[in-house]
Amino acid sequence: MGKSRRYLIAGNWKMNIPSSDAGQLIADIVAKIANVTKMDVLVCPPFTSIHSAKNALAGMAGIFLGAQNFYPEKNGAYTGEISAVMLRELGVSHVIVGHSERRIHFSESDKFINSKVRYALASNLIPILCVGETADQRKKGEELAVVTSQLRSGLGGISQADAKKLTVAYEPVWAIGTGETATAEVAQVMHAFIRNLLVDLFGQKAASTVKILYGGSMRPDNAKDLLGQDDIDGGLIGGASLQAGLFADVVKIAGELAD
Ligand code: PGA
């Protein structure tokens with residue numbers, strides 16, 4: 001098929017894989033995907049494993065390092081926080097922002113998420129802005145309104161030029177870590193809706209360059225259907241990214257679709 005946007009397969013390790021195991025997981029992934037070149041791969045370890053992951057990646061082109069969070073200030077009295085500069089220094093190029101686990105467990109608001117998106121862009125980090133409705137919101141038919149509001153506030157104040165650098169991830173909360181995936185059709189409807197919203201906000205040209213990833217129980221057995229949809233440009237993978245074989249298989253599926 002081949003798409004104008006390069007696929008991005010991203011692994012979100014969440015609070016898993018300590019530094020002592022990170023090098024081996026990266027080495028196993030690298031060994032399995034060495035020949036896959038037509039797409040991009042990203043791994044997002046916990047902060048303390050980023051350094052080992054970087055060492056294990058040394059010299060590998062096409063595999064990027066991401067972080068799962070950061071604090072949008074330059075430096076200062078923010079006990080327990082990590083800055084964008086600190087991440088850049090470790091070779092990090094992407095950062096996940098607005099993940100539902102941070103919205104839910106750490107009460108992150110749309111306003112705070114917007115400050116992170118803007119700060120990341122200004123710091124040369126690519127933000128992966130996560131949006132998605134809960135099961136209850138979908139049951140009530142509110143999913144489009146919820147995603148519209150998360151996107152409009154998350155992307156407030158961003159220039160058209162910066163919009164081209166964005167990545168968005170649609171992650172229905174009911175599909176995260178549950179084994180229940182959105183069908184390819186349901187996901188594509190939302191991805192096309194998100195693309196249209198991006199057109200409204202930033203114009204056709206910028207919107208067509210934004211990658212929109214799907215996240216929520218993506219695995220090798222559903223990846224082909226999902227990644228084959230017009231507006232699904234990759235995956236943000238939690239559980240299956242912790243096993244080199246499963247993650248590599250999704251990468252290979254994207255590689256085949258990109259051919
Ligand atoms: P999952 O997580 O693949 O385990 O559902 C996805 C995510 O939270 O990014």
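This is a guided tour of a predicted model, stop by stop, for a reader with the structure open in a viewer.

Residues are numbered from 1 along each chain as its sequence is written. In this predicted model, local features need pLDDT of at least 70, side-chain atom pairs count only at pLDDT 80 or more, and totals for chains, interfaces and linings use all residues, while side-chain values use heavy atoms and leave out hydrogens and water.

**The whole chain**

Start with the protein chain in cartoon view: 12 helices and 8 strands are there. Helices (H or I, at least four residues) and strands (E, at least two) are DSSP runs, numbered from the N terminus. The radius of gyration of the protein chain is 17 Å, close to the 18 Å of the globule rule for 259 residues, so the chain is as compact as a globular protein of that length. That radius is taken over C-alpha atoms, and the rule is 2.2 Å times the number of residues to the power 0.38. Along the principal axes, the C-alpha atoms fill a box of roughly 50 × 45 × 35 Å.

Next, show the surface. The accessible surface of the protein chain comes to about 11,400 Å², and 52% of it belongs to carbon and sulfur atoms. Accessible areas come from the Shrake-Rupley method with a 1.4 Å probe; for residues, only the protein chains shown count as cover. Of the 259 residues, 51% count as buried. Buried means under 20% relative accessible area, exposed over 50%, and partly exposed in between (1.4 Å probe, protein chains only).

Contacts are the next thing to display, a contact being heavy atoms within 4.5 Å. Among contacts between residues at least 6 apart in sequence, 74% join residues at least 24 apart.

**Strands E7, E8, E6 and E1**

Select strand E7, residues 211-215. In E7, 5 of the 5 residues are buried, so the strand is largely enclosed by the rest of the structure. Lys211, Leu213 and Gly215 point one way from E7, Ile212 and Tyr214 point the other way, and all are buried.

Add strand E6 (residues 167-170), which pairs with E7 in the parallel sense over 4 bridges. Two strands pair if DSSP finds at least two bridges between them. To find one of these bridges, select Thr167, whose bridge partner in E7 is Lys211.

Now add strand E8 (residues 234-237), which pairs with E7 in the parallel sense over 2 bridges. Gly215 stands opposite Leu236 in E8. From E8, Gly234 and Leu236 point one way and Gly235 and Ile237 the other way, and all are buried.

Then add E1, which pairs with E8 in the parallel sense over 4 bridges. Select Leu8 here: its bridge partner in E8 is Gly234.

**Helix H9**

Move to helix H9, residues 184-202, and select Gln188. Gln188 is buried, with a relative accessible area of 15%. Leaving aside neighbours within four places in sequence, Gln188 is in contact with Gln229, Asp230, Asp231 and Ile232. For a distance to draw, take Gln188 and Arg138: they are 50 residues apart in sequence, and their C-alpha atoms are 15 Å apart.

Arg195 also lies in helix H9. Arg195 is buried, with a relative accessible area of 8%. Not counting residues up to four places away in sequence, Arg195 touches Arg5, Ala207, Ser208, Val210, Ile212, Asp231 and Asp233. Another pair to mark is Arg195 and Leu87, 108 residues apart in sequence and 29 Å apart from C-alpha to C-alpha.

**Three loop residues**

Select Thr134, in the loop between E5 and helix H6 (135-139). Thr134 counts as partly exposed, at 27% relative accessibility. Not counting residues up to four places away in sequence, Thr134 touches Val173 and Trp174. Glu171 is 37 residues from Thr134 along the chain, and the C-alpha atoms of the two are separated by 9.5 Å.

Go on to Asn124, found in the loop between helix H5 (110-122) and strand E5 (126-131). Asn124 has a positive phi of about 65 degrees although it is not a glycine. Asn124 is exposed, with a relative accessible area of 55%.

The last stop is Lys14, in the loop between strand E1 (8-12) and helix H1 (19-33). Phi of Lys14 is near 55 degrees, a positive value in a residue other than glycine.
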